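Reader: Thanks for sharing this one. Please take me through a single part of the model in detail, and then show me how the bound molecule is held.

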Amino acid sequence: MTDTLRIRRPDDWHLHLRDGDMLRAVLPETARHFARAIIMPNLVPPVITGADAGAYRDRILAALPVGSKFQPLMTLYLTEETNPDDVAAAYASGLIAAVKLYPAGATTNSASGVANFDKVRPVLERMADIGLPLCVHGEVTDSDIDIFDREAVFIDRVLDPIRRATPGLRVVMEHITTSQAVDYITAHDTGLGATITTHHLVINRNHILVGGIHPHYYCLPVAKRETHRLALVSAATSGDARFFLGTDSAPHMDDAKETACGCAGCFTATNTMSILAEVFEREDALDQLEGFASLHGPGFYRLDANDSYLTLTRGAAVTYPAKITTPNGPVTVFDPGFDLHWIVAP
Ligand code: DOR
Ligand code: ZN
């Protein structure tokens with residue numbers, strides 16, 4: 001059995017770092033293993049302009065452990081007032097790598113997101129012209145649509161019409177959770193990719209709801225039934241370059257998760273590479289891990305793969321801390337519910 005795996009250093013194509021104390025607490029967890037990450041802009045207030053993104057990037061760089069070469073790839077939060085010229089200038093200067101579309105009200109801090117998609121058409125057209133990717137939170141928010149159907153309905157009602165109306169727009173469907181999303185991506189081969197999280201490769205909706213409510217498994221889009229998880233595992237391990245890792249590691253303080261109205265988000269930055277190795281090994285697909293975690297994402301974003309490497313070794317079961325501490329309280333680390341045997345070599 002293989003017990004050493006050397007891969008190009010991975011990147012995280014969807015990450016929440018927050019700000020202030022939380023940023024300082026969670027950033028080392030990602031920077032330890034990952035070379036780059038696409039940084040989500042859903043702060044309060046959101047990162048809307050190029051100036052906002054520049055200031056946020058400076059705060060991230062200032063919070064990095066000494067000597068770290070981690071590179072934050074910034075995004076702008078798309079609003080109905082976003083100025084196409086500001087977006088184009090931020091991209092031309094190398095500051096941003098993508099723009100993020102949150103349907104208004106879809107998830108944490110998405111109140112400033114888009115309700116009327118016609119209003120963002122000029123920005124999307126400019127992005128198509130300059131080749132700047134749009135990262136999409138793909139869920140409708142209509143109250144009459146069942147939460148487990150929101151991603152599939154979004155594809156038909158929003159994503160496909162946007163792509164047809166804006167030829168050439170490069171789109172990443174973020175944190176896909178359904179077989180419908182996998183099928184949509186595999187049926188459209190130009191300018192379309194998808195990120196898959198670590199936790200959606202591991203949990204289905206039973207993990208959230210059976211035997212009591214498990215708030216640390218609650219995220220958005222919510223995990224679906226097992227057939228969908230299996231479709232995600234098969235896409236991630238297939239070698240298809242349209243699928244790549246975006247952890248959506250989303251820290252919330254435990255007291256904001258373990259409450260009557262708990263926040264959505266799983267914190268996976270700490271143990272993601274160990275979990276992924278276990279998942280890929282179970283599928284007899286360890287040889288596909290490098291593509292998923294380290295090669296397909298740079299390919300989509302038209303960047304070089306990292307020139308450094310990461311080595312994983314297999315041994316006795318490894319444990320990670322159940323929580324990381326922040327000055328404001330603990331943040332629970334995602335528990336995959338099975339033993340982990342792969343550890344990242346120091
Ligand atoms: O579970 C989630 N948490 N999904 C999101 O889309 C946002 C994220 C967060 O910011 O906490
Ligand atoms: Zn996210």
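Author: Happy to! One definition helps before we start: helices here are DSSP runs of H or I with at least four residues, numbered from the N terminus. Please also keep in mind that this is a predicted model.

Let's look at helix α10, which spans residues 272–282. This helix is mostly covered, with 10 of its 11 residues buried, where buried means under 20% relative accessible area. The buried residues are Thr272, Met273, Ser274, Ile275, Leu276, Ala277, Glu278, Val279, Phe280 and Glu281. You will notice Glu278 and Glu281 in that list.

What provides the cover? Helices α8 (226–236) and α11 (289–301) are part of it, and so are strands β1 (4–8), β9 (243–245), β10 (309–318) and β13 (340–344). Just after α10, Asp284 takes a positive phi of about 55°.

Now for the bound molecule. There are 14 residues around ligand 1, and those that come nearest are Arg18, Asn42, Leu220, His252 and Ala264. Two of these offer polar side-chain atoms to oxygen atoms of ligand 1: the one from Arg18 lies 2.8 Å away, and the one from Asn42 lies 2.9 Å away. Gly265 takes part through its backbone, with an N or O atom 3.3 Å from an oxygen atom of ligand 1. Taken alone, ligand 1 exposes 290 Å², and the protein buries 100% of that. If you view the protein without its ligand, the space taken by ligand 1 is the largest cavity.

Conventions. Residues are numbered from 1 along each chain as its sequence is written. Chains are lettered from A and ligands numbered from 1 in the order in which they are written. This is a predicted model: local features need pLDDT of at least 70, side-chain atom pairs count only at pLDDT 80 or more; totals for chains, interfaces and linings use all residues. Side-chain values use heavy atoms; hydrogens and water are left out. Buried means under 20% relative accessible area, exposed over 50%, partly exposed in between (1.4 Å probe, protein chains only). Helices (H or I, at least four residues) and strands (E, at least two) are DSSP runs, numbered from the N terminus. Contact means heavy atoms within 4.5 Å. A residue is near a molecule or strand if one of its heavy atoms lies within 4 Å of it. A polar contact is a pair of N or O atoms within 3.5 Å; within protein, one must be able to donate a hydrogen and the other to accept it, and residues adjacent in sequence count only if both atoms are side-chain atoms. Accessible areas come from the Shrake-Rupley method with a 1.4 Å probe; for residues, only the protein chains shown count as cover. On a 1 Å grid over the protein atoms alone, a cavity is a set of points where a 1.4 Å probe fits but cannot get out, and a pocket is an open set with protein on both sides within 12 Å along at least five of seven lines; lining residues have an atom within 4 Å of a point. A molecule sits in a cavity or pocket if more than half of its atoms lie within 2 Å of its grid points.
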